[in-house]
Amino acid sequence: MSAIASVVHIVDDDPSFLAAVARLLRANGFSVKTYSSAKKFLAQRDADAPGCVLADLQMPEVSGLDLQAALAQTSNPLPILFLTGHGDIPSSVQAMRDGAEDFLEKRAPKEKILDAVTRALARDSREREARNRQRELRARFDMLTEREREVLSHVVQGRLNKQIAGDLGIHERTVKLHRTAITMKLKVQSVAELTRLTQEAGIFPEQVPTFPKGQ
């Protein structure tokens with residue numbers, strides 16, 4: 001199956017500028033889709049497709065900042081950068097604080113626009129990979145039974161089998177069986193690897209692992 005191409009979504013209520021930026025990006029090899037309003041973009045976008053958003057700041061109904069906030073609430077929050085003819089310092093500060101890739105004036109040199117789009121697409125690729133990794137890890141942890149998760153929470157704190165058995169009121173041999181099942185389901189070989197995987201997945205974030213001798 002071929003990879004889905006990244007798309008630069010241009011959102012602007014100025015038809016002439018929308019067309020000009022689309023021509024610039026297409027001439028430089030980017031795949032582009034255009035929208036005359038943020039509402040149309042949100043209604044038409046493929047929620048899982050890779051890409052980035054290049055948006056005007058001042059638009060009717062849904063502004064650029066409102067669009068940025070809406071994207072942040074989705075499962076696939078595409079990076080956004082702003083090209084605007086009505087920029088102001090408070091808006092630019094707010095946009096960057098909320099994670100915008102860049103904030104440029106519409107008369108910015110084309111090299112700056114192309115560089116910002118390239119960075120936004122690279123960022124989307126990195127963040128998408130990280131989200132996919134998180135989903136894959138969560139799927140592994142979802143395979144654990146409630147008891148296995150209880151045992152796991154003790155293991156990553158550095159508790160020994162005998163201590164875990166006492167804490168949970170079960171036989172030490174049962175703890176060993178649960179630990180074997182945990183390592184098989186999570187595809188790990190050591191306590192250190194198990195702990196790193198648990199931290200990466202954000203499981204038991206409040207716990208600080210310890211490693212007693214002999215573990």
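In this predicted model, Ile-10 has Leu-54 in S3 as its bridge partner. This pair belongs to a longer run of pairing, in which 5 bridges join strand S1 (residues 7-11) to strand S3 (residues 51-55), the two strands running parallel. S3 is also paired with S4 in parallel fashion, here through 3 bridges, and Ala-55 has Phe-82 as its bridge partner in S4. Stepping back, the sheet is an open one made of 5 strands with parallel pairing, and the order across it is S2-S1-S3-S4-S5. Strand S2 (31-35) and strand S5 (102-105) form the edges, each pairing on one side only. From one strand to the next, the twist averages 20°.

Strand S4 deserves a closer look. In a regular strand, the side chains alternate between the two faces of the sheet. In S4, Ile-80, Phe-82 and Thr-84 point one way, Leu-81 and Leu-83 point the other way, and all are buried. Because 5 of the 5 residues of S4 are buried, this strand is largely enclosed by the rest of the structure. Helix H5 (residues 110-142) lies across S1, S3, strand S4 (80-84) and S5, and runs at about 140° to S3.

What fills the space around these elements can be followed through the nonpolar cores. The largest nonpolar core has 22 residues, of which Val-8, Ile-10, Leu-25, Phe-30, Leu-54 and Val-117 touch the most other members. S1, helix H1 (15-27), S3, S4 and H5 each give two or more residues to this core. Apart from it lies another core of 21 residues, including Val-151, Ala-165, Leu-194 and Phe-204. Leu-25 shows how parts of the chain come together: setting aside residues up to four places away in sequence, Leu-25 touches Val-8, Ile-10, Phe-30, Val-32, Leu-54, Leu-114 and Val-117.

Another residue to look up in the structure is Leu-67, found in helix H3 (residues 64-72). Is Leu-67 buried or exposed? Its relative accessibility is 0%, so Leu-67 counts as buried. Beyond its neighbours within four places in sequence, Leu-67 is in contact with Val-11, Ala-38, Phe-41, Leu-42, Val-53, Ala-55, Val-62 and Ile-80. For one of these contacts, Val-53, the C-alpha atom is separated from that of Leu-67 by 9.7 Å, with the two residues 14 apart along the chain.

Attention now turns to helix H6 and its surroundings. Two packed helices are described by the angle between their axes and the distance between the axes. H6 and helix H8 (residues 172-186) pack at an angle of about 90°, and their axes are 9 Å apart. The two helices are therefore roughly perpendicular to each other. On the H6 side of this meeting are Arg-147, Glu-148, Val-151, Leu-152 and Val-155, while H8 brings Val-175, His-178, Arg-179, Ala-181, Ile-182 and Lys-185.

The buried residues of H6 are Glu-148, Val-151, Leu-152, Ser-153, His-154 and Val-155. These buried residues pack against H5, helix H7 (161-168), H8 and helix H9 (191-201). His-154 makes a good example, lying in helix H6 (residues 146-155). With a relative accessibility of 16%, which falls under the 20% cut-off, His-154 counts as buried. Its side chain makes a polar contact of 3.3 Å with the side chain of Ser-153. Leaving aside neighbours within four places in sequence, His-154 is also in contact with Arg-159, Ile-164, Asp-167 and Leu-168.

Key:
Residues numbered from 1 in each chain as written. Predicted model: local features only at pLDDT ≥ 70, side-chain atom pairs only at ≥ 80, totals over all residues. Heavy atoms only, no water. Pairing = 2+ DSSP bridges. Helix = DSSP H or I, 4+ residues; strand = E, 2+ residues; numbered from the N terminus. Axes fitted to C-alpha atoms, helices over the stretch in contact; angles between N-to-C directions. Contact = heavy atoms within 4.5 Å. Buried < 20%, exposed > 50% of the residue type's maximum accessible area, 1.4 Å probe, protein only. Polar contact = N/O pair within 3.5 Å; in protein donor to acceptor, adjacent residues only side chain to side chain. Core = buried A, V, L, I, M, F, W, Y, C linked by side-chain atoms within 4.5 Å. Parallel < 35°, antiparallel > 145°, perpendicular 65-115°, else oblique.
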